Amino acid sequence: MRRKRVPAAPLPQRGGVDPVRVRLPGGAEGSWATVGDFLLGRYGAAVGAERVGAMLAEGRFVGADGRAAVASEPYEAGRWLWFHRDLPVEEPVPFGIGVVYRDERILVADKPHFLATVPRGRHVAQTALARLREEHGLPFLQPAHRLDRLTAGLVLFVVRPEDRGAYQVLFKERRVRKGYEAVAAYDPGVALPVTVRSRIEKERGVLAAREVPGEPNAVSRIALLERRGGLGRYRLEPETGRTHQLRVHMNALGLPILHDPLFPVVREDGPEDFGRPLQLLARTLEFSDPFTGGERRFESRLSLSGLG
């Protein structure tokens, strides 16, 4: 059976952030008497029953026809609702986003340190996606992949929804060649270049990924580019894309990346120290364009400050 197409959102973006979309479930899950009962059960624990009630009274939950949902309306399985959530208070990231390249299909951005790629958790408006949509008037912009919030450098965004899948497949099938740079301690006892292979797992609720016994699922090539005193600048080439992979592998070599808040020791959460960014940069992206067949190569214009 073909799934019904999701209707277009009746609410516009706010500051580059999409409205939240929720579908009233059916079957055994759809046991609520009213729309208000469902929304209270779905969101009451997160934001409080009073807040859910206030949002309903303010007409914040809207159906596909643009009409505000009423708390006492009978529950209707399969119905779609949209709303804009209350945004968290976010500390502004004081760095701009450069654009390395843009055409009718893609935008390659130079994401600064500390800026998340997409809205998630407590980072919503202060994200590369929200900012780029607003700054460049591209409401349908979406990332083809993601870069860790603390890592700077190249991120490929897709301008049109119909083109996104083709670029996502490149990353999924590992047909994108990615090059990173990092600043870390120099140790003459570490033989480089080296290819590191290990099994990395990331547990939900645990901040740092870790290596565990088992079949390798993460492969990184690491080479020294230059040395200045007790620090080195390294070229990192991941063959796979596990969470925290490069940071885990550098730490495993005894060369934790400079200013890393997770490796080798997880630091206590606190205010951002914008003067001490993680010294990891997504320097290059290379791939064959899925539409033109031409070879694409992009290089970040950012640089790491760790070597002075």
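The exercises below, each with a worked solution, go through a predicted model of one protein chain.

Residues are numbered from 1 along each chain as its sequence is written. Local features need pLDDT of at least 70 and side-chain atom pairs count only at pLDDT 80 or more, while totals for chains, interfaces and linings use all residues, and side-chain values use heavy atoms, with hydrogens and water left out.

**Exercise 1. The whole chain**

Task: State how many helices and strands the protein chain has, and what share of its residues count as buried.

Solution. Start with the elements: the protein chain has five helices and 14 strands. Helices (H or I, at least four residues) and strands (E, at least two) are DSSP runs, numbered from the N terminus. Next, the extent: the C-alpha trace spans about 70 × 45 × 40 Å along its principal axes. Then burial: 43% of the 308 residues count as buried. Here buried means under 20% relative accessible area, exposed over 50%, and partly exposed in between (1.4 Å probe, protein chains only). Finally, take the contacts (heavy atoms within 4.5 Å) between residues at least 6 apart in sequence: 62% of them join residues at least 24 apart.

**Exercise 2. Two helices that pack**

Task: Describe how helix H1 and helix H2 pack, and find which residues make the contact.

Solution. First, locate the pair: H1 covers residues 35-47 and H2 covers residues 49-57. Their axes are 7 Å apart, at an angle of about 130°. Axes are lines fitted to C-alpha atoms, for helices over the stretch in contact, and angles run from 0 to 180 degrees between N-to-C directions. Second, classify the angle: H1 and H2 are therefore oblique to each other. The classes are roughly parallel under 35 degrees, roughly antiparallel over 145, roughly perpendicular from 65 to 115, and oblique for the rest. Third, list the residues: H1 contributes Gly36, Leu39, Leu40, Tyr43, Gly44 and Val47, and H2 contributes Ala49, Arg51, Val52 and Leu56. Fourth, sort them: seven are nonpolar, two polar and one charged. In this scheme Ala, Val, Leu, Ile, Met, Phe, Trp, Tyr, Cys and Pro count as nonpolar, Asp, Glu, Lys and Arg as charged, and the others, Gly among them, as polar.

**Exercise 3. Helix H5**

Task: Decide whether helix H5 is largely enclosed or not, and find what covers its buried residues.

Solution. Count first: six of the eight residues of H5 (residues 245-252) are buried, so H5 is largely enclosed by the rest of the structure. The buried residues are Gln245, Leu246, Arg247, Val248, His249 and Met250. Their cover includes strands S8 (177-185), S9 (194-201), S10 (210-212), S11 (218-228), S12 (231-238) and S13 (280-288). Now look at both sides of the helix. His244 lies in the loop between S12 and H5 and has a positive phi of about 65° although it is not a glycine. Just after H5, Gly254 has a positive phi of about 80°.

**Exercise 4. Polar side chains in buried places**

Task: For Arg296, Ser300 and Lys111, find which polar atoms their side chains reach.

Solution. A polar contact is a pair of N or O atoms within 3.5 Å; within protein, one must be able to donate a hydrogen and the other to accept it, and residues adjacent in sequence count only if both atoms are side-chain atoms.

- Arg296 is found in strand S14 (residues 295-299) and is buried, with a relative accessible area of 15%. Its side chain makes a polar contact of 3.0 Å with that of Tyr101.
- Ser300 lies in the segment after S14 and is buried at 5% relative accessible area. Its side chain is joined to that of Asp110 by a polar contact of 2.8 Å, and reaches the backbone nitrogen of Leu302 at 3.0 Å.
- Lys111 belongs to strand S5 (residues 106-111) and is buried, with a relative accessible area of 1%. A polar atom of the Lys111 side chain lies 3.3 Å from the backbone oxygen of Asp148.

**Exercise 5. Cis peptide bonds**

Task: Find where Pro193 and Pro264 are placed, and give the omega of the peptide bond that leads to each.

Solution. Pro193 is in the loop between S8 and S9, and the bond from Leu192 to Pro193 is cis, with omega near 0°. Pro264 is in the loop between H5 and S13, and the bond from Phe263 to Pro264 is cis, with omega near 5°.
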